[in-house]
Amino acid sequence: MTADVIDGKAFAAKIKLDVAKQVVILKEQHGIVPGLAVVLVGEDPASQVYVRNKNKSTKEAGMNSFEHRMLPDVSEAELLDLVKKLNEDPAVHGILVQLPLPKHINEAAVIDAISPDKDVDGFHVINSGLLATGGQGMVPCTPQGCIMMLKDRLGDMSGLEAVVIGRSNIVGKPVAQLLLNENCTVTMAHSRTRDLATVVGRADIVVAAVGVPELVKGSWIKDGATVIDVGVNRIEKADGKTRLIGDVEYDEAAKHASAITPVPGGVGPMTIAVLLKSTIVAACRQAGIEEPEV
């Protein structure tokens, strides 16, 4: 068996195309231009690239992009003041504060300061609570992207056994909750899970989001399982150059799985695409209108 490759780039491109069509409808029928504000504190190279890509994708979709860059020594009070202003700005429908923040700033305080209605990252405690209790809140982008790819591949997931490896608030926990919402039987595994190989081996769906290169061995994968690899790990090769690999031993896993996401090119491209989709959702909810169908 050779697994089908789940092409995150192609999937993300389709989402972005749909978003662009929705933006046109919102402009023409409701006079609304969805706006996304991204706040970057400091000069972290990876964060700068990510923010630049978000800005580019937002503009390409026909949305308003509001980019705010702050010095690394900015005070927490100044950052919170900016968040307050963005909360009150009717042109801003989504707010994203790029993490990580400098150590002198309390990340939780900043996330909690964002209006839950504009929290397109889905990290606010109210949105986390709504997700956990089946309510309608904003959902974290990467987990949402994982579920979209799984549903596209599998359709109805009711009764399937899913294993999520990693229990972070950003990916692991929300993915598990979303899988529960799809009526999967969900097991959360982590660094203290005993006999991880056996736990993974019984899963129809494996979502690896722990940040350990090739932690999940290909031989553990059940024949016919679907594997979503969220991990992005940069390792050094023998020639001194680096390459990206996931949390799953890809080549061996592909011999057992029915479908698998590559790294790079799998889950990664979905995050920004879903962020744009979430901004559309936020804009429509704030205006009290239905999300346009395309």
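**Exercise 1. Strand pairing**

Task: In this predicted model, in which sense do strands β2 and β3 pair, and over how many bridges?

Solution.
- Locate the strands: β2 covers residues 35-41 and β3 covers residues 64-70.
- Read the direction: the two strands pair in the parallel sense, over seven bridges.
- Pick a position within the pairing: valine 38 stands opposite glutamate 67 in β3.
- Add the connection: β2, α2 and β3 form a β-α-β unit, and this unit is right-handed.

**Exercise 2. A salt bridge at glutamate 67**

Task: Which residue forms a salt bridge with glutamate 67, and how far apart are the closest N and O atoms?

Solution.
- Find the partner: arginine 69 forms the salt bridge, with its closest N and O atoms 2.6 Å apart.
- Check the cut-off: a salt bridge requires a side-chain nitrogen of Lys or Arg within 4 Å of a carboxyl oxygen of Asp or Glu.
- Classify arginine 69: its relative accessibility is 46%, so it counts as partly exposed.
- Classify glutamate 67: its relative accessible area is 31%, so it is partly exposed.
- Place the pair in the total: the structure holds eleven salt bridges.

**Exercise 3. A salt bridge within a helix**

Task: Where do aspartate 81 and lysine 85 lie, and how many residues apart are they?

Solution.
- Assign the element: both residues lie in helix α3, residues 76-88.
- Count the spacing: they are four residues apart, about one turn of the helix.
- Give the contact: the side chains of aspartate 81 and lysine 85 meet in a salt bridge at 3.4 Å, N to O.
- Classify each partner: aspartate 81 is partly exposed at 37% relative accessibility, whereas lysine 85 is exposed at 52%.

**Exercise 4. A salt bridge between distant parts**

Task: What is the distance between the closest N and O atoms of lysine 277 and glutamate 291?

Solution.
- Read the distance: these atoms are 2.6 Å apart, in a salt bridge.
- Place the partners: the pair links distant parts of the chain, with lysine 277 in helix α10 and glutamate 291 in the segment after α10, 14 residues apart.
- Classify lysine 277: with a relative accessible area of 25%, it is partly exposed.
- Classify glutamate 291: with a relative accessible area of 31%, it is partly exposed.

**Exercise 5. The largest pocket**

Task: Which element supplies the largest share of the lining of the largest pocket?

Solution.
- Start from the volume: the largest pocket has about 1300 Å³.
- Identify the centre: 46 residues line the pocket, and the closest to its centre are Tyr50, Thr142, Val232, Gly268 and Thr271.
- List elements supplying at least two lining residues each: α2 (45-60), β4 (94-97), α6 (141-154), β9 (233-236) and α10 (268-287).
- Select the answer: α2 gives the largest share, nine residues.
- Sort the lining by type: 25 residues are nonpolar, twelve polar and nine charged.

Note on methods:
Residues numbered from 1 in each chain as written. Predicted model: local features only at pLDDT ≥ 70, side-chain atom pairs only at ≥ 80, totals over all residues. Heavy atoms only, no water. 1 Å grid on protein atoms, 1.4 Å probe; cavity = no way out; pocket = protein on both sides within 12 Å on 5 of 7 lines; lining within 4 Å. Points joined across faces, edges and corners; volume = space filled by probe spheres on them. Nonpolar A, V, L, I, M, F, W, Y, C, P; charged D, E, K, R; others polar. Pairing = 2+ DSSP bridges. Right-handed = clockwise from strand over helix to strand, strands pointing away. Buried < 20%, exposed > 50% of the residue type's maximum accessible area, 1.4 Å probe, protein only.
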